[in-house]
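Thanks for sharing this one. Here is a friendly set of notes to read with the model open beside you.

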Amino acid sequence: MSEPTSPEKIFPVSWDQFHRDARALAWRISADGPFEAIVCITRGGLVPAAVVSRELGIRLIETICIASRHNYRDQGELMILKQVAKDVVDKAGGKGAGVLVVDDLVDTGKTAGVVREILPDAHFATVYAKPKGRPLVDTFITEVSQDTWIYFPWDMGLAFQPPIAKGPVG
Ligand SMILES: O=P(O)(O)OC[C@H]1O[C@H](OP(=O)(O)OP(=O)(O)O)[C@H](O)[C@@H]1O
Ligand SMILES: O=c1[nH]c(=O)c2nc[nH]c2[nH]1
Ligand SMILES: [Mg+2]
C-alpha cells in the first residue's frame with residue numbers, strides 16, 4: 001500500500017478510543033454467541049481479543065500467528081508462523097463453528113482469507129475494516145476508506161505538534 005499523504009487519509013486511534021471500539025465490538029457480537037473459544041490473529045488481534053474475552057467471559061484463547069508486513073507498511077508474502085492448535089479446530093467440528101476470530105483490522109482481506117480457509121464456519125470480528133476486506137468479516141465497528149492508514153496506539157507515542165499557523169515543517 002502506498003503512503004497516504006493528505007491528513008484526512010490518516011486515522012490515528014488513541015488507547016481510549018480503541019478500548020471503546022473494542023468494547024463496542026464485544027457488544028455487537030454478544031448476540032451471535034455463545035463462543036467456545038477466541039482465535040486471535042497476532043499481533044494486532046491480541047489487544048481487542050483481551051477486551052472481547054473480558055466482556056464476553058471467554059477464557060479459552062488461542063492464537064494464529066501471521067505476519068504479512070515485513071517492512072512496516074509494505075505488504076509482503078504472508079507467513080503463518082504458528083497454526084491454530086488442533087484441539088481448538090477439533091472442538092469446533094473441524095470447521096470453526098462456535099469459534100470467534102478476532103483481529104484489529106481487515107485491510108486487503110488477505111490475512112482474514114487465509115484464516116477463513118482454516119476455520120470457514122468461525123465468526124470473524126475486527127474493530128476496523130477497509131472496503132476490500134470487508135466482505136471477509138462478519139462484524140466490525142468502523143469502516144475507513146481503502147487509502148486510509150490506521151495508526152494504532154501501540155505504534156505511537158506523544159510528540160510535539162507544531163502550531164497550525166506555522167504550516168508544514170520540513
Ligand atoms: O487485510 P490484510 O491486508 O491482510 O491486512 C490486515 C492485517 O495486517 C496487519 O497485521 P500484520 O501482518 O501487519 O502484522 P501484525 O498484526 O503483527 O502487526 C493487521 O493486524 C491485520 O492482521
Ligand atoms: O497499523 C496498521 N494500519 C493499517 O491501516 C493497516 N493495514 C494493514 N495493516 C495495517 N497496520
Ligand atoms: Mg495482524
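The points below go from the overall chain to two cis peptide bonds and then to the two ligand sites.

1. A reminder before we start: this is a predicted model, and the numbers in this note are computed from its atoms.

2. Let me begin with the fold. The protein chain contains 4 helices and 8 strands. Going along the sequence, these elements come in the order β-α-β-α-β-β-α-β-α-β-β-β. The radius of gyration is 17 Å, close to the 15 Å that the globule rule gives for 170 residues, so the chain is as compact as a globular protein of that length. You may like to set that beside the span of the C-alpha trace, which is about 60 × 35 × 25 Å along its principal axes.

3. Two peptide bonds deserve a look in your viewer. The bond from Gly33 to Pro34 is cis, with omega near 5°, and Pro34 sits in the loop that joins α1 (15-29) to β2 (37-42). The bond from Thr42 to Arg43 is also cis, with omega near 0°. Arg43 belongs to the loop between β2 and α2 (46-56). Please keep Arg43 in mind, as this residue returns in the next point.

4. Now to ligand 1. Which residues come closest to this ligand? Of the 16 residues that surround ligand 1, the closest are Arg43, Asp103, Asp104, Thr108 and Thr111. Arg43, which follows the cis bond from Thr42, places a polar side-chain atom 2.6 Å from an oxygen atom of ligand 1. Thr108 has a polar side-chain atom 2.5 Å from an oxygen atom of the ligand, and for Ser68 the distance from a side-chain N or O atom to a ligand oxygen is 2.9 Å. On its own, ligand 1 exposes 500 Å², and the protein buries 88% of that.

5. Where does the shell around ligand 1 come from in the fold? The elements that give two or more residues to this shell are β3 (61-71), β5 (99-106) and α4 (110-118). Of these, β5 supplies the largest share, with 4 residues. By class, the shell holds 3 nonpolar, 7 polar and 6 charged residues.

6. Ligand 2 has its own set of neighbours: Arg69, Leu105, Asp107, Lys130, Trp149, Ile150, Phe152 and Asp155. How do these residues divide by class? The shell around ligand 2 has 4 nonpolar residues, no polar ones and 4 charged ones.

7. The polar contacts of ligand 2 involve both side chains and backbone. A side-chain N or O atom of Asp107 is 2.6 Å from a nitrogen atom of the ligand, while a side-chain N or O atom of Lys130 is 2.9 Å from a ligand oxygen. From the backbone, a polar atom of Ile150 lies 2.7 Å from a nitrogen atom of ligand 2. How much of the ligand is covered by the protein? Ligand 2 has 270 Å² of accessible area on its own, and the protein covers 89% of this.

8. One last point concerns the pocket. The space taken by ligand 1 is the largest pocket, and the space taken by ligand 2 is likewise described as the largest pocket. I would enjoy going through both sites with you on screen.

Terms used: Residues are numbered from 1 along each chain as its sequence is written. Chains are lettered from A and ligands numbered from 1 in the order in which they are written. This is a predicted model: local features need pLDDT of at least 70, side-chain atom pairs count only at pLDDT 80 or more; totals for chains, interfaces and linings use all residues. Side-chain values use heavy atoms; hydrogens and water are left out. A residue is near a molecule or strand if one of its heavy atoms lies within 4 Å of it. A polar contact is a pair of N or O atoms within 3.5 Å; within protein, one must be able to donate a hydrogen and the other to accept it, and residues adjacent in sequence count only if both atoms are side-chain atoms. Accessible areas come from the Shrake-Rupley method with a 1.4 Å probe; for residues, only the protein chains shown count as cover. On a 1 Å grid over the protein atoms alone, a cavity is a set of points where a 1.4 Å probe fits but cannot get out, and a pocket is an open set with protein on both sides within 12 Å along at least five of seven lines; lining residues have an atom within 4 Å of a point. A molecule sits in a cavity or pocket if more than half of its atoms lie within 2 Å of its grid points. Ala, Val, Leu, Ile, Met, Phe, Trp, Tyr, Cys and Pro count as nonpolar, Asp, Glu, Lys and Arg as charged, and the others, Gly among them, as polar. The radius of gyration is taken over C-alpha atoms; the globule rule is 2.2 Å times the number of residues to the power 0.38.
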